[in-house]
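These are my notes from a session of looking things up in one structure. I kept them in the order in which I asked.

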Amino acid sequence: MSGDSSELEWALHVLVKNYDKYASGCCKKPRRISKKDFRKMLSRELNHMLTDTGNKRAADKLICDLDENKDGHISFEEYWTLIGGIASPIACLIRQQEHGTKFTK
Ligand SMILES: [Ca+2]
């Protein structure tokens with residue numbers, strides 16, 4: 001990775017690296033995240049943005065919703081659906097926080 005990548009490029013890099021950190025697979029099989037590891041990822045990486053990530057049933061429901069082809073694993077495309085799904089509420093949150101800090105100054 002070159003040192004002069006933009007913030008957006010870096011953010012995408014982080015998203016891909018995060019997927020790879022929890023995904024398993026080899027060169028012949030596509031990388032996928034198991035339900036167990038996906039629950040781990042939710043509680044470790046998204047516990048500030050998603051509520052109930054420590055709640056096994058809530059996490060299982062989310063995984064079930066994301067697992068479009070119902071193979072019990074989260075593919076990169078399915079992971080990307082999660083990112084897309086939380087991007088909009090996160091954008092709201094970030095704007096609210098920015099708005100809030102402007103007001104307190
Ligand atoms: Ca799947």
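Is Y79 buried or exposed, and what is its relative accessible area? I began here, bearing in mind that this is a predicted model. Y79 turns out to be buried, with a relative accessible area of 0%.

**Entry: aromatic rings**

I then searched the whole structure for aromatic pairs and found five. One of them joins Y19 and F76 in an edge-to-face arrangement, with 5.0 Å from centre to centre and 90° between the planes. I noted that this pair links distant parts of the chain, since Y19 belongs to helix α1 and F76 to helix α4, 57 residues apart. For the two partners I looked up exposure separately: Y19 is buried, at a relative accessible area of 1%, while F76 is partly exposed, at 26%. As the cut-off for buried is under 20%, the value of 26% keeps F76 out of that class.

F76 also pairs with Y79, the residue I started from, and here the ring centres are 5.8 Å apart with the planes at 45°, so the pair is tilted. The angle falls between the limits of 30 and 60 degrees, which is why I did not enter the pair as stacked or edge-to-face. F76 and Y79 are three residues apart in helix α4, and I recorded their separation as about one helical turn. Taking the ring pairs together, I find Y19, F76, Y79 and W80 linked into a cluster.

**Entry: nonpolar core**

Which residues have the most contacts inside the largest nonpolar core? The core has 18 residues, and the ones I was looking for are F38, M41, L42 and L82. I listed the elements that give two or more residues to this core as α1 (7–22), α2 (35–45), α3 (56–66) and α4 (76–104). Of these, α4 provides the largest share, five residues.

I followed M41 further and, not counting residues up to four places away in sequence, found that M41 touches N18, Y22, L46, Y79 and L82. Y79 therefore came up a second time in my notes, as a buried residue and as one that M41 touches.

**Entry: L46**

L46, also on the list for M41, sits in the loop between α2 and α3. L46 counts as buried at 11% relative accessibility, and, leaving aside neighbours within four places in sequence, L46 is in contact with M41, T53, L82 and I86. I also checked L46 against K35, eleven residues apart along the chain, and found their C-alpha atoms separated by 15 Å.

**Entry: surface patch**

Turning to the surface, I found a nonpolar patch of about 300 Å², made by L8, L12 and W80. W80 is thus entered twice, in this patch and in the ring cluster. I looked up L8 on its own and placed this residue in helix α1, where L8 is exposed, with a relative accessible area of 62%.

**Entry: H73**

Where is H73 found, and in which strand? H73 is in strand β2, residues 73–74, and counts as partly exposed at 24% relative accessibility. Leaving aside neighbours within four places in sequence, I noted contacts of H73 with R32, I33, S34, D67 and E78. As a last check, I took H73 and L42, 31 residues apart along the chain, and found that 14 Å separates their C-alpha atoms.

Technical notes
Residues numbered from 1 in each chain as written. Predicted model: local features only at pLDDT ≥ 70, side-chain atom pairs only at ≥ 80, totals over all residues. Heavy atoms only, no water. Core = buried A, V, L, I, M, F, W, Y, C linked by side-chain atoms within 4.5 Å. Buried < 20%, exposed > 50% of the residue type's maximum accessible area, 1.4 Å probe, protein only. Helix = DSSP H or I, 4+ residues; strand = E, 2+ residues; numbered from the N terminus. Contact = heavy atoms within 4.5 Å. Patch = residues over 30% accessible without salt bridge, like charges linked within 9 Å, V, L, I, M, F, W, Y side chains within 5 Å. Areas by Shrake-Rupley, 256 points an atom, 1.4 Å probe, with all protein chains shown as cover. Salt bridge = Lys/Arg side-chain N within 4 Å of Asp/Glu carboxyl O. Phe/Tyr/Trp six-rings, centres within 6.5 Å; stacked < 30°, edge-to-face > 60°.
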